[in-house]
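Q: I am new to this structure and would like a close look at how its strands are arranged. Please take it step by step.

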Amino acid sequence: MPRLFTALEIPRNAAMSLSLLRGGLPGARWIDVENYHITLRFIGDVDGRTADEIVDRLDRIDRPEFQLSLNGIGSFGSKKPHSIWAGVTPTPEMSALQGEIERICQRIGLPPDPRKFMPHVTLARLKSARVDDVVHYLAGRGNFQTSLFSVSRFVLLSSRESVGGGPYLTEEVFPLHERSSVSLASRELQPEKTML
């Protein structure tokens with residue numbers, strides 16, 4: 001069974017900006033541009049019945065589209081860095097979506113995610129990279145930022161067992177609803193009340 005996780009996709013313009021950060025760090029294995037994503041919830045290896053139940057529950061999520069931007073870069077593993085990431089400017093909408101997915105997973109019987117949600121895009125996995133090289137790499141790119149982009153859906157991705165970084169397969173797509181001015185439009189269509 002493939003490993004499953006929910007994620008937000010990175011649009012092409014933001015992915016191209018991220019790709020410009022590649023290189024200049026010995027010992028880095030750079031993630032392919034098409035595999036950039038923001039993990040919302042790692043689910044792991046589950047049986048087919050559980051996977052179907054997860055899809056059914058995720059399909060019921062009714063949340064609005066929202067805007068995101070990426071900013072700053074950093075590394076995980078302070079004494080022995082193991083990955084480089086780009087940060088995500090947190091938003092209440094993203095946190096609410098992630099929280100709802102977490103609650104769904106727990107209701108189905110999956111253990112709580114032990115890690116605190118820290119939205120990011122993994123750019124590289126590090127193997128035997130020197131701390132000094134990582135510090136030097138980060139120091140020259142700390143002002144990284146993308147423009148805002150719209151998030152109109154989230155996805156269920158799968159990965160085969162590997163050393164991480166893809167390739168990922170989109171198993172399901174879950175649209176978010178458009179923020180529309182329906183209430184405003186419907187008010188405009190109402191006939192005006194007059195006092196006769």
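A: Two strands are said to pair if DSSP finds at least two bridges between them. Strands (E, at least two residues) and helices (H or I, at least four) are DSSP runs, numbered from the N terminus. The model is predicted, so local features need pLDDT of at least 70 and side-chain atom pairs count only at pLDDT 80 or more, while totals for chains, interfaces and linings use all residues. Residues are numbered from 1 along each chain as its sequence is written, and side-chain values use heavy atoms, with hydrogens and water left out.

One open sheet has 4 strands in the order β2-β7-β6-β5, with antiparallel pairing. Its edges are β2 (28-30) and β5 (70-76); each has a single partner strand, so one side of each is left without a neighbour in the sheet. From one strand to the next the twist averages 30°; axes here are lines fitted to C-alpha atoms, for helices over the stretch in contact, and angles run from 0 to 180 degrees between N-to-C directions. Strand β2 is joined to the antiparallel β7 (residues 120-126) by 3 bridges, and Ala28 stands opposite Leu126 in β7.

Another open sheet of 4 strands has the order β3-β1-β9-β10, again with antiparallel pairing. Its edge strands, β3 (37-45) and β10 (168-175), each pair on one side only. Neighbouring strands in this sheet are turned by 25° against each other on average, direction ignored. Strand β9 (residues 153-159) pairs with β10 in the antiparallel sense over 7 bridges, and the partner of Leu156 in β10 is Glu172.

An aromatic pair also connects strands β1 and β10: Phe5 lies in β1 and Tyr168 in β10, 163 residues apart. Their rings are edge-to-face, 5.3 Å centre to centre with 85° between the planes. Rings of Phe, Tyr and Trp (its six-membered ring) pair if their centres lie within 6.5 Å; planes under 30 degrees apart count as stacked, over 60 as edge-to-face and the rest as tilted.

Helix α3 (residues 92-108) lies across β1 (3-9), β3 and β9, and runs at about 5° to β3. Helix α2 (residues 48-58) packs with α3 at an angle of about 140°, their axes being 10 Å apart. That makes α2 oblique to α3, since angles under 35 degrees count as roughly parallel, over 145 as roughly antiparallel, 65 to 115 as roughly perpendicular and the rest as oblique. Contact (heavy atoms within 4.5 Å) involves Thr50, Glu53, Ile54, Arg57 and Leu58 of α2 and Ile101, Ile104, Arg107 and Ile108 of α3.
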